[in-house]
Amino acid sequence: MFDNLDFDVIRRSLPYLFLDGMSFTLMLTGLSALGGLIFGTLIALMRLSGYKLLGRIAGLYVDFMRSLPLVLVIFWFYFLVPYIGQWLTGASRPIRVGAFTSSLVTFIMFEAAYFSEIMRAGIQSISKGQPAAASALGLTYSQSMRYVVLPQAFRNMLPVLLTQTIVLFQDTSLVYVLSIPDFLGAASKVAQRDGRLVEMYLFAAAVYFVISCVASYGVRRLQARIAIVR
Amino acid sequence: MIEISHVNKWYGPTFQVLKDCTTSVAKGEVVVVCGPSGSGKSTLIKCVNALEPFQEGQIILDGIKVNDPKTDLPKLRARVGMVFQHFELFPHLRIIDNLCLAQEKVLGRSHEEAVAKGNKLLERVGLTVHANKYPAELSGGQQQRVAIARALAMDPIAMLFDEPTSALDPEMISEVLDVMVDLAHEGMTMMVVTHEMGFASKVAHRVIFMDKGEIVEDAQKTDFFGSPRSERAQKFLSKILSH
Amino acid sequence: MNYNWNWHIFFEPNPTGSGTYLDMLVSGLWLTIKTALLAWIIALIFGTVIGILRSLPSKTASWIGFAYVEFFRNMPLLVQLFLWFFVLPELLPRAAGLWLKQLPNAPFWTAAIGVGLFMSARVAVQLAAGIASLPRGQKQAATALGLTLTQGYRYVLLPMAFRIIMPPLTSEFLNTVKNTSVAITIGLIELTGQARAMQEFSFQVFEAFTAATVMYLAINIIVVTGMRFLERSLAIPGYITGK
């Protein structure tokens, strides 16, 4: 059944697959995780701020994003970002936005909803005595968050945050719907050009599988180590 | 130094935790607050540095009204030290960094200055060798001594202790009490919620007994232990001292 | 924003001759629901089997469960759909492959099975966790009463475990609905696909996506409300699950 397969096509396209495709995927994953974490933490702080209106807005944002399929959100932002850019820069027409920027904005906004739930759980897991001790020492609310609560919440939630980042790594493949050459997009381009769908998709699957497996093994190790330290 | 007058506090619309509490702590005075659990003593001491809000009455700390919305609470709190039942050291920071954080961020001391001060206080509580460890690596008694040092690093004008020994294993209680006795002998103004009557009889000037949110008895130490006026205080004392 | 809004577009005829644009979107909605329901049935069946395997004391069984979950969890859903859709027919014997390729509605069946298997791994994880959260005595009590292992699962463990994991299963079902949109890449014109088609035909991007968004939100609200109702009707008096 493998007689008419040509796995050499993989070797020939390796530089393109990894230098172009995988670097796009990893860059998008890394920056989206970072941006999503920062933005998500802000949303979590809004929800826990005690200001009703602020909390409601943040809660609605999270529920809204989590109700929508990522594919739809990708389409939304792909068409919306040029208009947002126009609005921000005051240009006279919708500005042209590159594929990378557009997907980055999408994933940051989308992942922020998920990261915010993780950070919220993390913040809530810190005992009330910690912020109390911080304010007894004279730290302001923001200092107590910055130096006492958030570092602990982040550390406690690190395994969950990393697991979510692995999911994000897999989800970035959906930029395929915009014909953007991320890793899967690059593989698919070669597959269609050379008529080698079977080889290329099997290879892409294997690469995603190995990376995700190794990463989640790492997270499990980390989790075990954290469990011992506590 | 600390003036508490007619403080009332409710949780929700009906449950009153503090009922018309009035008392004061003078400069250099050591006041022990005792009473059965749920009597409101921890709540009262947390009202002093506004960790707990209250609805009626007022508390004046070194001439500043605590429950005035215009009061800069972080600044005020930085001037009174507080020691918690569960130590509340910051688990993600080394011991020395626990001592430095507020010195640097609140008082604006330089890192070198803060470390020097921190080390001096660690030496004082006998924990210099542990400066670079994390809180979880220390015993409960050691952690509580660090917590006292952390509060002292802010050069407080008064110290509040909220059941500082009740989460400790029995063999660790005395090491913490020793530090507190030394502090008292140096003339520190102290308000201490505790059941350690030995400590009270050794260093306290006054003893306050609380029950069901009320200050039932507020007496000089000798009077309190000699002849408590209220029946509730007598009962409490006999229960505590019987073993 | 210089964009020409035209909310009447929904009632204009679409170029495929199948009625209005709204009809297009509604047919997409139905396809989303149909695909999601079939996928969910598959996910529940396979997820239950694998979840039980993971909870068994046998090393082999739990290893199989572990491998299954890792296999489906560590590849993007999109890649899995490509494997089922493009790769599987080529790897089968020629006749079988040809039959698969010529199957009518191939995108629908592929999407339902692909999404279903993908979700089954997550159902399995939830179920195994639910079974693990039951007190150990439950299993022992079932055995002590003379129930076989199968009967123990059927009558004792699974009914409780499924009640416990109802809330996470609700969100997994909603994930199933959302994940069917990934099948747009293998040519399934479900709700997101129809919105995209409407955008391409009419250039009214934001109206099309707004309508799809509203429909997804509606599905969410209906499912969450329905499940809350179901949870309440299945709740066992005196046994608090979830909140």
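Me: Contact means heavy atoms within 4.5 Å, so how many residues does it take from chain C and from chain A?

Reply: The contact takes 35 residues from chain C and 37 residues from chain A. This is a predicted model, in which local features need pLDDT of at least 70 and side-chain atom pairs count only at pLDDT 80 or more, while totals for chains, interfaces and linings use all residues. Residues are numbered from 1 along each chain as its sequence is written, chains are lettered from A and ligands numbered from 1 in the order in which they are written, and side-chain values use heavy atoms, with hydrogens and water left out.

Me: And what area is buried between chain C and chain A?

Reply: About 3,300 Å² is buried between chain C and chain A, with carbon and sulfur atoms giving 75% of it; buried area is the accessible area (1.4 Å probe) that two parts lose on being put together, summed over both. On the side of chain C, Asn74(C), Leu91(C) and Lys178(C) supply 17% of the area that this chain buries against chain A, more than any other three residues.

Me: Which residues form the salt bridge there?

Reply: Arg220(A) pairs with Glu70(C), and their closest N and O atoms are 3.9 Å apart. A salt bridge is a side-chain nitrogen of Lys or Arg within 4 Å of a carboxyl oxygen of Asp or Glu, and the rule finds one across the interface of chain C and chain A.

Me: Which element of chain C gives the most to the side that touches chain A?

Reply: That is H10(C), which gives nine residues.

Me: Switching to chain B, how many of its residues are in contact with chain A?

Reply: In chain B, 20 residues are in contact with 18 residues of chain A, and the area buried between these two chains is about 1,600 Å², of which carbon and sulfur atoms give 66%. Phe90(B), His92(B) and Lys105(B) supply 32% of the area that chain B buries against chain A, more than any other three residues. The rule finds zero salt bridges across this interface.

Me: What about strands in chain B, how does S1(B) pair with S2(B)?

Reply: Strand S1 (residues 2–11) and strand S2 (residues 15–25) of chain B run antiparallel and are joined by seven bridges; strands are DSSP runs (E, at least two residues), numbered from the N terminus, and two of them pair if DSSP finds at least two bridges between them. Glu3(B), for example, has Ser24(B) in S2(B) as its bridge partner.

Me: Where does Gly12(B) sit?

Reply: Gly12(B) is in the hairpin of S1(B) and S2(B), which has three residues between the strands, and takes a positive phi near 70°.

Conventions. Contact means heavy atoms within 4.5 Å. Helices (H or I, at least four residues) and strands (E, at least two) are DSSP runs, numbered from the N terminus.
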